[in-house]
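Please walk through this structure with the text below, which turns to the ligand and its surroundings before coming to the fold as a whole.

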Amino acid sequence: MQIGLFYGSTTCYTEMAAEKIQQIIGEDTVTLFNIKDEPLSKAEQFDFIIFGISTWDFGELQEDWESHWDDIDSVNLSGKTIALFGMGDQQGYGQWFQDALGMLHDKIAPQSVTFLGYWPNTADYEFEASKALTEDKRHFVGLALDEDSQYDKSDERIATWIEQIMTEYSEQL
Ligand SMILES: Cc1cc2nc3c(=O)[nH]c(=O)nc-3n(C[C@H](O)[C@H](O)[C@H](O)COP(=O)(O)O)c2cc1C
């Protein structure tokens, strides 16, 4: 199995999380792509893709995702297995917590993809609103990380989420 992990990161927090995910799953399995430098079309080479995105400026996309937003429509993601993770700050931006994660999910969802890694532990966060919640509000649409307000929880969250996506992936085979 080969996983392509594509991320955009302004102040490196999403990038550091991407590197941790790569270390835990294995460098032979996960290839990292910073979308600032690499075209999103490279995602077509992988059956299993992880996308990482941070939220900026009161519910807006991270700048590299914003620059390449229209490219997503021309990448053929049909049939792919996709897991998402987001970076945000629930204390500083609780009205827009992880909004970009939700926007990315909704952008990709119309293509026939299989999402893995919906994150169930919403009670472990304190925020007012988020576009990254599922309709029943019981999950985030991907792993929600917060290096500003809950940095001490990130390592465990990443490890737990990787176990989750690997289990879900093997179950769908
Ligand atoms: C000016 C500014 C605006 C931000 N806006 C949001 C926001 O609307 N929602 C949110 O969840 N986090 C917000 N954040 C927090 C960032 O997502 C967080 O700092 C993240 O770790 C940045 O990740 P990156 O360095 O990978 O881009 C904001 C941070 C800054 C500095």
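Which element gives the largest share of the shell around the ligand? In this predicted model, that share comes from strand E3, which supplies three residues. Strand E3 spans residues 48–56, and together with helix H1, which covers residues 13–25, it makes up the elements that give two or more residues to the shell.

The shell as a whole counts 20 residues around the ligand, and the closest of them are Ser9, Thr11, Thr14, Ser54 and Thr55. When the residues of the shell are sorted by character, eight are nonpolar, nine are polar and three are charged.

Individual polar contacts give a finer view of how the ligand is placed. An N or O atom in the side chain of Thr11, a residue already listed among the closest, lies 2.4 Å from an oxygen atom of the ligand. The backbone takes part as well, since a polar backbone atom of Gly59 is 2.8 Å from a ligand oxygen atom, while a nitrogen atom of the ligand lies 3.1 Å from a backbone N or O atom of Trp96. Taken alone, the ligand would expose 640 Å², and the protein buries 88% of that area. The space that the ligand takes is the largest pocket.

From the binding site one can step back to the chain that forms it. The protein chain contains five helices and seven strands, and, when read along the sequence, these elements follow the pattern β-α-β-β-β-α-α-β-α-β-β-α. The radius of gyration of the protein chain is 15 Å, close to the 16 Å that the globule rule gives for 173 residues, and the chain is therefore as compact as a globular protein of that length. Taken along the principal axes, the C-alpha atoms of the protein chain fill a box of roughly 40 × 30 × 30 Å.

Returning to the ligand with the fold in mind, the reader can locate helix H1 and strand E3 in the model as elements that each give two or more residues to the shell, with strand E3 giving the largest share.

Technical notes: Residues are numbered from 1 along each chain as its sequence is written. This is a predicted model: local features need pLDDT of at least 70, side-chain atom pairs count only at pLDDT 80 or more; totals for chains, interfaces and linings use all residues. Side-chain values use heavy atoms; hydrogens and water are left out. A residue is near a molecule or strand if one of its heavy atoms lies within 4 Å of it. A polar contact is a pair of N or O atoms within 3.5 Å; within protein, one must be able to donate a hydrogen and the other to accept it, and residues adjacent in sequence count only if both atoms are side-chain atoms. Accessible areas come from the Shrake-Rupley method with a 1.4 Å probe; for residues, only the protein chains shown count as cover. On a 1 Å grid over the protein atoms alone, a cavity is a set of points where a 1.4 Å probe fits but cannot get out, and a pocket is an open set with protein on both sides within 12 Å along at least five of seven lines; lining residues have an atom within 4 Å of a point. A molecule sits in a cavity or pocket if more than half of its atoms lie within 2 Å of its grid points. Helices (H or I, at least four residues) and strands (E, at least two) are DSSP runs, numbered from the N terminus. Ala, Val, Leu, Ile, Met, Phe, Trp, Tyr, Cys and Pro count as nonpolar, Asp, Glu, Lys and Arg as charged, and the others, Gly among them, as polar. The radius of gyration is taken over C-alpha atoms; the globule rule is 2.2 Å times the number of residues to the power 0.38.
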